[in-house]
Amino acid sequence: MAGDFLRIAITGGGCNGLSYKLRFVAEPRRGDILVRTAGAQVVVDPKTALYLKGTVLDYSHQMVGGGFKFANPNAKASCSCGESFSV
């Protein structure tokens with residue numbers, strides 16, 4: 001499903017216990033936190049926001065290792081691919 005908002009969620013799983021899940025959605029849900037930055041509209045639920053406080057999300061166009069990159073100050077450890085973390 002395509003949409004104008006990027007939803008970021010934290011779910012259990014991955015090699016470090018918690019994983020980032022990204023998908024585009026048509027609209028925010030009731031109670032979501034909306035962040036508008038650099039022309040992007042990002043939505044997160046309040047529980048996910050606790051894990052993401054202070055996080056910087058970047059995107060790389062590189063052929064190898066490209067994609068979304070999370071710099072999460074709350075993560076005590078993360079996997080080498082950057083898709084899972086632990087607190």
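Tyrosine 20 and phenylalanine 70 are both buried, and in this predicted model the two residues recur in the aromatic pairing and in the largest nonpolar core. The briefing below takes up the aromatic pairs, then that core, and then the largest pocket, which holds about 460 Å³ of space.

**Aromatic pairs**

- Two aromatic pairs are counted in the model, and one of them joins tyrosine 20 to phenylalanine 70 in a stacked arrangement, with 3.7 Å from centre to centre and 0 degrees between the planes.
- This stacked pair links distant parts of the chain, since tyrosine 20 belongs to strand E2 (residues 18-25) and phenylalanine 70 to strand E6 (residues 67-71), with their positions 50 residues apart in the numbering.
- Tyrosine 59 and phenylalanine 68 form an edge-to-face pair, for which the centres are 5.0 Å apart and the planes stand at 70 degrees to each other.
- Tyrosine 59 counts as partly exposed because its relative accessible area is 43%, and phenylalanine 68 is likewise placed in the partly exposed class because its relative accessibility is 33%.

**Largest nonpolar core**

- The largest nonpolar core has nine residues, namely Leu6, Ile8, Ile10, Leu18, Tyr20, Val42, Val44, Leu52 and Phe70.
- Strands E1, E2 and E4 are the elements that each give two or more residues to this core, and E1 gives the most, with three residues.
- Valine 44, one of the core residues, touches Arg7, Ile8, Asp32, Ile33, Ala49 and Leu52 when residues up to four places away in sequence are not counted.
- Among these contacts of valine 44, Ile8 and Leu52 are themselves members of the largest nonpolar core.

**Largest pocket**

- The space in the largest pocket comes to about 460 Å³, and of the 21 residues that line this pocket, Ile8, Val35, Thr37, Val42 and Leu57 are the closest to its centre.
- Two or more lining residues come from each of strand E1 (5-12), strand E3 (33-37), strand E4 (40-44), helix H1 (46-52), strand E5 (56-60) and E6, while the largest share, four residues, comes from E4.
- Sorted by class, the lining of the largest pocket consists of 16 nonpolar residues, three polar residues and two charged residues.
- Ile8 and Val42, which are listed among the residues closest to the centre of the largest pocket, also appear in the largest nonpolar core.

Note on methods. Residues numbered from 1 in each chain as written. Predicted model: local features only at pLDDT ≥ 70, side-chain atom pairs only at ≥ 80, totals over all residues. Heavy atoms only, no water. Phe/Tyr/Trp six-rings, centres within 6.5 Å; stacked < 30°, edge-to-face > 60°. Buried < 20%, exposed > 50% of the residue type's maximum accessible area, 1.4 Å probe, protein only. 1 Å grid on protein atoms, 1.4 Å probe; cavity = no way out; pocket = protein on both sides within 12 Å on 5 of 7 lines; lining within 4 Å. Points joined across faces, edges and corners; volume = space filled by probe spheres on them. Nonpolar A, V, L, I, M, F, W, Y, C, P; charged D, E, K, R; others polar. Core = buried A, V, L, I, M, F, W, Y, C linked by side-chain atoms within 4.5 Å. Contact = heavy atoms within 4.5 Å.
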